[in-house]
Amino acid sequence: WTANNYTITFDGKEAATTCYTTPVNKDDSFEIDFVNSCLTDGINSKPIVDEIVITYTALVNADAVILDEVHNKADIKYGDNNTIEGEPVVTLLFDLSVLKTDQDGNALKGAEFKLYDALTGGNEIKLIKVTKDNKTYYRPIVAGETAASAIVVENENGTVLIKGLDAVTYYLEETKAPSEYI
């Protein structure tokens, strides 16, 4: 979480920065205080805003556990100490398993790949190689990490695993064939 990776809208329009406090990080959560005069008419406290939408991005650090699902939840605490608990929102993360074979279906090792976010002119998805509990996989890098030069199929069964991907279309380019292949 950083202070400039969020947007707040009131009824679909960007909220004035004077209508809320800058989000404050609180352990694994953050807190935003809204100014009452921006939300009510001030005369009889009738609401003038029907919908508040907070959109934010957060960078997963290198120590995070990569799961298939990440559960997030927002609670609303009112000035009178009433709290409404939000429904959990599930963020899905996906794995991409690559199997490299020859024309007869035999597993090959030694192939190298790069992952992109578009077929033509796309940005390379920078990945880091991770070995944990005697299992090796790749995952997107986080700030301060050095990306692997390529995704390399190193095992005899011809597979490589990429974890922690968003639900979008990716393009895999073979940049080096296994020895004795083109």
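**Figure 1. Strand 1 and its partner strands in the predicted model.** In strand 5, Val53 is the bridge partner of Thr9. The model shown here and in the following views is a predicted one. Strand 1 spans residues 6–10 and pairs with strand 5, residues 52–56, in the antiparallel sense, with five bridges between them. Strand 1 is also joined to strand 2 by two bridges, and these two strands run antiparallel. Within that second pairing, Phe10 has Lys13 of strand 2 as its bridge partner. Two residues lie between the strands of this hairpin, where Asp11 adopts a positive phi near 50°. The two faces of strand 1 are unlike in cover: Tyr6, Ile8 and Phe10 form the covered face, whereas Thr7 and Thr9 form the uncovered one. In a regular strand, side chains alternate between the two faces of the sheet.

**Figure 2. The disulfide of Cys19 and Cys38.** One disulfide is found in a search of the whole structure. Its partners are Cys19 and Cys38, with 2.0 Å between their sulfur atoms. The torsion about the S-S bond is about -80°, and the disulfide is therefore left-handed. Cys19 belongs to the loop between strand 2 and strand 3, and Cys38 to helix 1 (residues 36–39); the pair thus links distant parts of the chain, 19 residues apart. Both cysteines are buried.

**Figure 3. Thr17 in the loop between strand 2 and strand 3.** Thr17 is located in the loop that runs between strand 2 (13–14) and strand 3 (24–26). With a relative accessibility of 59%, Thr17 counts as exposed. Thr17 and Thr7 are 10 residues apart along the chain, and their C-alpha atoms are separated by 10.0 Å. Thr7 is part of the uncovered face of strand 1.

**Figure 4. The open sheet of strands 14, 11 and 16.** Three strands make up this open sheet, in the order 14-11-16 and with antiparallel pairing. Strand 14 (151–152) and strand 16 (171–176) occupy the edges; each has a single partner strand, so one side of each is left without a neighbour in the sheet. Five bridges connect strand 11 (residues 112–116) with strand 16 in the antiparallel sense. Leu115 is placed opposite Leu172 of strand 16. Strands of a sheet pair through backbone hydrogen bonds, in either a parallel or an antiparallel arrangement.

**Figure 5. The salt bridge of Lys176 and Glu112.** The side chains of Lys176 and Glu112 meet in a salt bridge with an N to O distance of 3.9 Å. Lys176 lies in strand 16 and Glu112 in strand 11, so this pair ties together parts that are 64 residues apart in sequence. Lys176 has a relative accessibility of 45% and counts as partly exposed. Strand 11 and strand 16 are also paired by five bridges in the antiparallel sense.

**Figure 6. The salt bridge of Lys109 and Glu156.** Eight salt bridges are found in a search of the whole structure. In the one formed by the side chains of Lys109 and Glu156, the N to O distance is 3.2 Å. Lys109 is in the loop between strand 10 (94–99) and strand 11, while Glu156 is in the loop between strand 14 and strand 15 (159–165), so the pair ties together parts that are 47 residues apart in sequence. Lys109 is partly exposed at 41% relative accessibility, whereas Glu156, with a relative accessible area of 61%, is exposed. Side chains of opposite charge can pair when their charged atoms come close.

**Figure 7. The salt-bridge network around Lys114.** The side chains of Glu124 and Lys114 meet in a salt bridge, 3.9 Å from N to O. Glu124 lies in the loop between strand 11 and strand 12 (127–132) and Lys114 in strand 11, so the pair ties together parts that are 10 residues apart in sequence. Glu124 is partly exposed, at a relative accessible area of 25%, and Lys114 is partly exposed with a relative accessible area of 25%. Through salt bridges that share partners, Lys114, Glu124 and Lys126 are joined into one network.

Methods:
Residues numbered from 1 in each chain as written. Predicted model: local features only at pLDDT ≥ 70, side-chain atom pairs only at ≥ 80, totals over all residues. Heavy atoms only, no water. Pairing = 2+ DSSP bridges. Helix = DSSP H or I, 4+ residues; strand = E, 2+ residues; numbered from the N terminus. Salt bridge = Lys/Arg side-chain N within 4 Å of Asp/Glu carboxyl O. Buried < 20%, exposed > 50% of the residue type's maximum accessible area, 1.4 Å probe, protein only. Disulfide = S-S within 2.5 Å.
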